[in-house]
Amino acid sequence: MEKKTAAYICSGCGIGDALNIEELVSLTTGDLKVPICRTHANLCSQEGAALIKQDIEKEGANALIIAACSPRVMYDVFNFENCIVDRVNLREQVAWSQPAGDENTQMMAADYLRMSAAKVAAMELPVPYKPEKELSKTILVVGGGLAGMTSAVEASKAGYQVVLVEKEAELGGFQKKVGQIATFPYKGLVDNPLSDLVKEVTSSPKIKVYTGARVEKTAGGPGVFEVSIKQNGTT
Ligand code: SF4
């Protein structure tokens, strides 16, 4: 990515009272060789954000140093699409925590700007992961007890193909031992509806059931897993 760096220094929230902003601008445009450097008394305002947007659109700025408050706040205001953004925390880490007007405070702010310029020079926009194979939308459910069968049914209702693997010869798990279950709010008992759930699973065209089977091997990664299932001695 060909970068055009721009720096924005906010003087609001006491930053301008604690620091010599002009010195920071001359450091940024001088030693740090950042071609665009602007200051604003309220960078998070509509007007401040518009200043940055204008540079993105008209000047082609795409690597932005925002020297203002903590990156934990104003995230949405300073989130610009397709731009590298580095936030320099001049407010909490410098102006609010160091003596105002002190030489060391000024040096600290200057060092944070230097670090940001170096960081932005080395940063690249993240590239979305593109798998070599098409992503699989089949869901593997291991275990055909109440939880596994419920997961399989819900995933199939959401439109996914499901492979359900159960090590025992029959579906049901521990729930097969339960004759009756309590109804909410626990006033009565009804027959365990497990057999209905088993029917729903086994009759669904979207769920392929392997009983008496185990997952022998998994390989690949998210979306491109390959799974070997062993059933009756055959893989
Ligand atoms: S909240 Fe941040 S961007 Fe807004 S005025 Fe204060 S330091 Fe500047």
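**View 1. Ser 156 sits in helix H6.** This is a predicted model, and the close-up starts with one serine. Is Ser 156 buried or exposed? With a relative accessibility of 11%, Ser 156 falls under the 20% cut-off, so it counts as buried. Leaving out neighbours within four places in sequence, Ser 156 touches Val 162, Ser 204, Lys 206 and Ile 207. Two of these contacts turn up again in the sheet: Val 162 has Ile 207, in E9, as its bridge partner.

**View 2. Helix H6 lies across an open sheet of three strands.** The strand order is E5-E6-E9, and the pairing is parallel. Strands E5 (139–142) and E9 (207–211) take the edges with a single partner strand each, so one side of each has no neighbour in the sheet. On average, neighbouring strands here are turned by 15° against each other, ignoring direction. Zoom in on E6 (residues 162–166) and you find that its parallel pairing with E9 runs over five bridges. As for H6 (residues 146–157), this helix lies across E5, E6 and E9 and runs at about 170° to E6.

**View 3. Helix H5 shows a buried face.** H5 spans residues 103–122, 20 residues in total. From first C-alpha to last, H5 reaches 29 Å, close to the 28 Å expected at 1.5 Å a residue. Its buried residues are Thr 105, Gln 106, Ala 109, Ala 110, Leu 113, Ser 116, Ala 117 and Val 120. Looking down the axis of H5, these buried residues fall within an arc of 140°, so they line one face of the helix. The spacing makes sense: an α-helix has 3.6 residues a turn, so residues three or four places apart point the same way. Turned away from the buried side of H5 are the exposed residues Glu 103, Asn 104 and Ala 122.

**View 4. Strands and helices cover the buried residues of H5.** The cover includes strands E1 (5–10), E3 (63–68) and E4 (84–89), along with helices H1 (15–18), H2 (21–29) and H4 (91–95). Now slide to the start of H5: there, a side-chain oxygen of Asp 102 comes to within 2.8 Å of the backbone nitrogen of Asn 104.

**View 5. Strands E10 and E11 form a hairpin.** E10 (residues 213–219) and E11 (residues 226–231) pair in the antiparallel sense over six bridges. One pair to look for is Thr 218 with its bridge partner in E11, Val 227. Six residues lie between the two strands, and in this hairpin Gly 220 takes a positive phi near 90°.

Terms used. Residues are numbered from 1 along each chain as its sequence is written. This is a predicted model: local features need pLDDT of at least 70, side-chain atom pairs count only at pLDDT 80 or more; totals for chains, interfaces and linings use all residues. Side-chain values use heavy atoms; hydrogens and water are left out. Helices (H or I, at least four residues) and strands (E, at least two) are DSSP runs, numbered from the N terminus. The expected span of a helix is 1.5 Å times one less than its number of residues. Buried means under 20% relative accessible area, exposed over 50%, partly exposed in between (1.4 Å probe, protein chains only). The arc is that of the directions from the helix axis to the C-beta atoms. Contact means heavy atoms within 4.5 Å. A polar contact is a pair of N or O atoms within 3.5 Å; within protein, one must be able to donate a hydrogen and the other to accept it, and residues adjacent in sequence count only if both atoms are side-chain atoms. Two strands pair if DSSP finds at least two bridges between them. Axes are lines fitted to C-alpha atoms, for helices over the stretch in contact, and angles run from 0 to 180 degrees between N-to-C directions.
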